Amino acid sequence: MNLIELIELVNAKIVAGNPDHRIIEKAFCSDLMSDVLTIDTDQLLLITGMANVQTIRTAEMADIHAILLVRNKKASPDMIKLAKENNLVLFETSISMFHAAGKLYTAGLKPVY
Amino acid sequence: MMTLHFHIEGGNFTNAGFASSQVKKTLKQLNIDSGLIKKIVIALYEGEVNIVAHALKGEIVVEISPETITMILTDEGKGIDNIELAMKEGFSTASQKVREMGFGAGMGLPNIKKNVDQLFIESTVGVGTKLTMIKQLDHA
Ligand SMILES: Nc1ncnc2c1ncn2[C@@H]1O[C@H](COP(=O)(O)OP(=O)(O)OP(=O)(O)O)[C@@H](O)[C@H]1O
Ligand SMILES: [Mg+2]
């Protein structure tokens, strides 16, 4: 799925990065960074309610390039700065993790497991 | 041979991952395979976060040769009483503060083992812990 289309589907606001020409195939929902670090999947979207600098660091290490913050969690200026440095697309939505996952699953995103 | 050196401050989650990030940038510049880089930096990041989460302070020394990368993480802190138990998936003594940061699932050490070729852990309770991780670079 095209990342621009994905962002529209969950009514998200982009706070860092440029979604142009990016394709996402799978998504993983977790607030647990140690769990995210066990995944070896390309073109992955991370859906999370954990909004801190380590969320961005984890994505950097795991080669994840798109993060959706759900349920009105706001990215801090430090997170936005680090996301930009790592060429990562970071976006926020007011809907819940379950709601976002449901919409994206229905639209064709695949689970990791 | 290239050597990188970092100081790690226990309890400081704002800077956690800085060393791993620098190592990732260096490995990219050396044109190492991206799949291999990911395994190396995930192991290093887990180790770096463990120092921040469980120790008072530490040092990371990374030695890169054309054949291997050796990462030595030494810390001063409470140490690990039972290493075999600490290696079990799900075992964690992480504080509430660490859990609030998204860590403390007891998955770090097993994940390090999975991502490197060799892992050695030495620890003395009340003194500190030393992790040595080795990964071959010449067969991807
Ligand atoms: N450097 C260290 N100093 C002292 N204790 C440690 C250190 N590293 C690990 N431990 C101990 O080993 C346990 C297991 O570590 P592990 O990295 O597997 O899990 P965790 O750090 O608790 O959680 P996670 O890594 O999933 O975020 C820790 O909870 C802690 O008790
Ligand atoms: Mg850990």
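**Figure 1. The lining of the largest pocket, to which α2(B) gives the largest share, 7 residues.** The model shown here and in the following views is predicted. The largest pocket holds about 530 Å³ of space. Of the 32 residues that line the largest pocket, B:N50, B:H54, B:I80, B:A86 and B:L109 are the closest to its centre. Two or more residues of this lining are given by each of several elements of chain B, namely α2 (34–54), β3 (68–77), α3 (83–86), α5 (108–115) and β5 (128–136). When the residues of the lining are sorted by class, 16 are nonpolar, 12 are polar and 4 are charged. As a help in reading such a view, rolling a probe the size of a water molecule over the atoms shows where empty space is left.

**Figure 2. The second largest pocket, with residues of chain A and chain B in its lining.** The space in the second largest pocket comes to about 250 Å³. From chain A, the residues A:V53, A:R57, A:D78, A:K81, A:L82 and A:E85 belong to the lining, while chain B contributes B:T14, B:N15, B:F18, B:S21, B:Q22 and B:K25. The elements that give two or more residues to this lining are α3 (53–61) and α4 (77–85) of chain A, together with α1 (18–29) of chain B. Which classes of residue make up the lining of the second largest pocket? There are 3 nonpolar, 4 polar and 5 charged residues in it.

**Figure 3. Chain A, with its 5 helices and 6 strands.** Followed along the sequence, the elements of chain A come in the pattern α-β-β-α-β-α-β-α-β-α-β. The C-alpha trace of chain A spans about 35 × 30 × 25 Å along its principal axes. Chain A has a radius of gyration of 12 Å, which agrees with the value near 13 Å that a compact globule of 113 residues would have. Of the 113 residues of chain A, 54% count as buried. Among the contacts in chain A with a separation of 6 or more, 53% are accounted for by residues 24 or more positions apart. The surface that chain A exposes is about 5,100 Å², and carbon and sulfur atoms supply 52% of it.

**Figure 4. A:Q43 and A:R71, two loop residues of chain A.** A:Q43 is found in the loop between α2 (33–36) and β3 (44–48) of chain A. Although A:Q43 is not a glycine, its phi is positive, at about 50°. The relative accessibility of A:Q43 is 38%, and therefore A:Q43 counts as partly exposed. A:R71, in turn, lies in the loop between β4 (66–69) and α4 of chain A. A:R71 is not a glycine either, and its phi is positive at about 55°. Because its relative accessibility is 53%, A:R71 counts as exposed, the cut-off for that class being over 50%.

**Figure 5. Chain B, with its 5 helices and 5 strands.** Starting at the N terminus, a reader who traces chain B meets its elements in the order β-α-α-β-β-α-α-α-β-β. The C-alpha trace of chain B spans about 40 × 30 × 25 Å along its principal axes. For 140 residues, a compact globule would have a radius of gyration near 14 Å, and the 14 Å of chain B agrees with this. Buried residues make up 51% of the 140 residues in chain B. Of the contacts in chain B with a separation of 6 or more, 62% are accounted for by residues 24 or more positions apart. The accessible surface of chain B comes to about 6,900 Å², and 52% of this surface belongs to carbon and sulfur atoms.

**Figure 6. The surroundings of B:E89, a residue in the loop between α3 and α4 (96–100) of chain B.** Is B:E89 buried or exposed? With a relative accessibility of 64%, B:E89 counts as exposed. Once its neighbours within four places in sequence are left aside, B:E89 is in contact with B:G106, B:M107 and B:P110. B:A55 lies 34 residues from B:E89 along the chain, and the C-alpha atoms of these two residues are separated by 20 Å.

Note on methods. Residues numbered from 1 in each chain as written. Chains lettered and ligands numbered in written order. Predicted model: local features only at pLDDT ≥ 70, side-chain atom pairs only at ≥ 80, totals over all residues. Heavy atoms only, no water. 1 Å grid on protein atoms, 1.4 Å probe; cavity = no way out; pocket = protein on both sides within 12 Å on 5 of 7 lines; lining within 4 Å. Points joined across faces, edges and corners; volume = space filled by probe spheres on them. Helix = DSSP H or I, 4+ residues; strand = E, 2+ residues; numbered from the N terminus. Nonpolar A, V, L, I, M, F, W, Y, C, P; charged D, E, K, R; others polar. Rg over C-alpha atoms; globule rule 2.2 N^0.38 Å. Buried < 20%, exposed > 50% of the residue type's maximum accessible area, 1.4 Å probe, protein only. Contact = heavy atoms within 4.5 Å. Areas by Shrake-Rupley, 256 points an atom, 1.4 Å probe, with all protein chains shown as cover.
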